[in-house]
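Open the model in your viewer and show it as a cartoon. This tour goes from selection to selection and says what is there at each stop.

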Amino acid sequence: MIHVIAFITCQPGQRDAVLAAMRENVPLVHAEDGCIEYQPVVDAPGLPFAVPAGSDTVVVVEKWRDAAALAAHAAAPHMKAYGAKTKGLVADRRIHVFTPA
């Protein structure tokens, strides 16, 4: 299994627009072969022990069957369309990929 934690830093004030584009894309990602989990998340409020990602950040929590499924996801037409739609809205992307220890 492959685990992905993607930190998407949006341009100031654009997080809602990026989230809207992500939410449109989620059903298409869930339908991909090998997708186990794909969920955009934001900071949970009011937890004093948590280190916040920030008000302009969306974190995408993903699980994939294997590296081939993740590679196919990255090349999927709907992901390319999502990238084009959000190009001017995203300031930075940091994608962390893990395997079970």
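A residue is called buried when its relative accessible area is under 20%, exposed when it is over 50%, and partly exposed in between (1.4 Å probe, protein chains only). The model is predicted, so local features need pLDDT of at least 70 and side-chain atom pairs count only at pLDDT 80 or more, while totals for chains, interfaces and linings use all residues. Residues are numbered from 1 along each chain as its sequence is written, and side-chain values use heavy atoms, with hydrogens and water left out.

**Whole chain**

Start with the protein chain in full. Its secondary structure comes to three helices and four strands; helices (H or I, at least four residues) and strands (E, at least two) are DSSP runs, numbered from the N terminus. The order along the sequence is β-α-β-β-α-α-β. The radius of gyration is 14 Å, close to the 13 Å of the globule rule for 101 residues, so the chain is as compact as a globular protein of that length. That radius is taken over C-alpha atoms, and the rule is 2.2 Å times the number of residues to the power 0.38. Along its principal axes the C-alpha trace spans about 35 × 35 × 20 Å. Of the 101 residues, 33% count as buried.

**The sheet**

Next, select the four strands. They form an open sheet in the order β2-β3-β1-β4, with antiparallel pairing. Two strands pair if DSSP finds at least two bridges between them. At the edges are β2 (35-41) and β4 (90-98), each paired on one side only. Neighbouring strands are turned by 15° against each other on average, direction ignored. Axes here are lines fitted to C-alpha atoms, for helices over the stretch in contact, and angles run from 0 to 180 degrees between N-to-C directions.

**Strand β3 and its partners**

Select residues 57-64, which make up β3. How many of its eight residues are buried? Six of them are, and the strand is mostly covered. Six bridges join β3 to β2, and eight join β3 to β1; both pairs run antiparallel. To see a bridge on the β1 side, pick Phe7, whose partner in β3 is Val59. On the β2 side, Tyr38 has Glu62 as its bridge partner.

**Glu37**

Stay on β2 and select Glu37. Its bridge partner in β3 is Lys63. Leaving aside neighbours within four places in sequence, Glu37 is in contact (heavy atoms within 4.5 Å) with Val61, Glu62 and Lys63. At 29% relative accessibility, Glu37 counts as partly exposed. For a distance check, take Gly13: Glu37 and Gly13 are 24 residues apart in sequence and 27 Å apart in space, C-alpha to C-alpha.

**Helix α1**

Now select residues 15-30, helix α1. This helix lies across β1 (2-10), β2, β3 and β4, and runs at about 165° to β2.

**Two cysteines**

Select Cys10 and Cys35. Are they buried or exposed? Cys10 is buried, with a relative accessible area of 2%, and Cys35 is buried at 16%. A search of the whole structure finds zero disulfides, a disulfide being a pair of cysteine sulfur atoms within 2.5 Å.

**Surface and contacts**

Finally, show the surface. The protein chain exposes about 6,200 Å², of which carbon and sulfur atoms supply 61%; accessible areas come from the Shrake-Rupley method with a 1.4 Å probe, and for residues only the protein chains shown count as cover. Among contacts between residues at least 6 apart in sequence, 79% join residues at least 24 apart.
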